[in-house]
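Let's take a walk through this structure, one strand at a time. Have a look at the picture before reading on.

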Amino acid sequence: MVVLSSHVVQFSTTSLHGRPSMLKSHNHRGGNFVRCGIAEPSGQPAPMGQKTKYNDGVLEKVFMSLFAKKMEKFSVKDKKETKGKKKGLFDYDYDSFVNVSRGVMTGRNRLQQQEVVREVLLSMLPPGAPDQFKKLFPPTKWAAEFNAALTVPFFHWLVGPSEVVEVEINGVKQRSGVHIKKCRYLENSGCVGMCVNMCKIPTQDFFTNEFGLPLTMIPNFEDMSCEMVYGQPPPSFEEDPVAKQPCFADVCSVANPNSSICPKLQA
């Protein structure tokens, strides 16, 4: 990965949902955002409405393949795909990974989709891993900051470039926030339901309930950025503003523009 040149990212005093923003940009030596294999001339994600070009390496494709293969057994496959030869470990790209995710949504309600992701995440871990995680990373400021730091390099293949930023939790400032500049998963799927049901909610629940480390994710559907706040307990789905989010009518292949709320968010 190549680090971008140093620059400051400004956050407004209020978040997308009208709540006080927990994130503050913190410029530091070496730059803020990781290039993450972006093939755009600027090295930055494409503007809203355009899809960012990435140049994925072998390691990124391995991660895509591992997750896609785990999810495939839950995915409703396209008839053309079922007739083709079985894909190998290096035959998946990001688009095929997203297509598998879309197949998981087919025929399942919101809670069932989230349960599939939970099973997939657990299947990626060795036995007893959640208990070991709780011992190594109790819900402390240090654990939250450490996991935020790990998120940037280890999840760039999934969400795109990100940076660790300062947050304030219960009056305490700490560097346990992660600002995702433009989420690759949301950008490629173009689907609010996939963002919430296949990423936000199951990831929050997994860290909070399985690992014992609270995590809140705040997607911004206006620019496809996202804020991850380790150490901050997530709200209930009913109290979360994402529960009322409409479809991306112009970019989502399964959108219902006549509905005020994305149908995939309804149980």
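Two strands pair if DSSP finds at least two bridges between them, and a strand here is a DSSP run (E) of at least two residues, while a helix is a run (H or I) of at least four, both numbered from the N terminus. This is a predicted model, where local features need pLDDT of at least 70, side-chain atom pairs count only at pLDDT 80 or more, and totals for chains, interfaces and linings use all residues. Residues are numbered from 1 along each chain as its sequence is written, and side-chain values use heavy atoms, leaving out hydrogens and water.

Start with β5. On one side, β4 (residues 215-220) runs antiparallel to β5 over six bridges, with N220 bridging to S225. The two make a hairpin with four residues between them, and M224 in that turn has a positive phi of about 65°. β5 also pairs with β3 (residues 172-180), again antiparallel, over four bridges; there, G177 has V229 as its partner.

How many residues of β5 are buried (under 20% relative accessible area, 1.4 Å probe, protein chains only)? Six of the six, so β5 is largely enclosed by the rest of the structure. In a regular strand, side chains alternate between the two faces of the sheet. Here both faces are covered: S225, E227 and V229 are buried on one side, and C226, M228 and Y230 on the other.

β5 (225-230) also supplies at least two residues of the lining of the largest pocket, as does α1 (58-72), among others. The largest share, five residues, comes from α9.

Terms used. Buried < 20%, exposed > 50% of the residue type's maximum accessible area, 1.4 Å probe, protein only.
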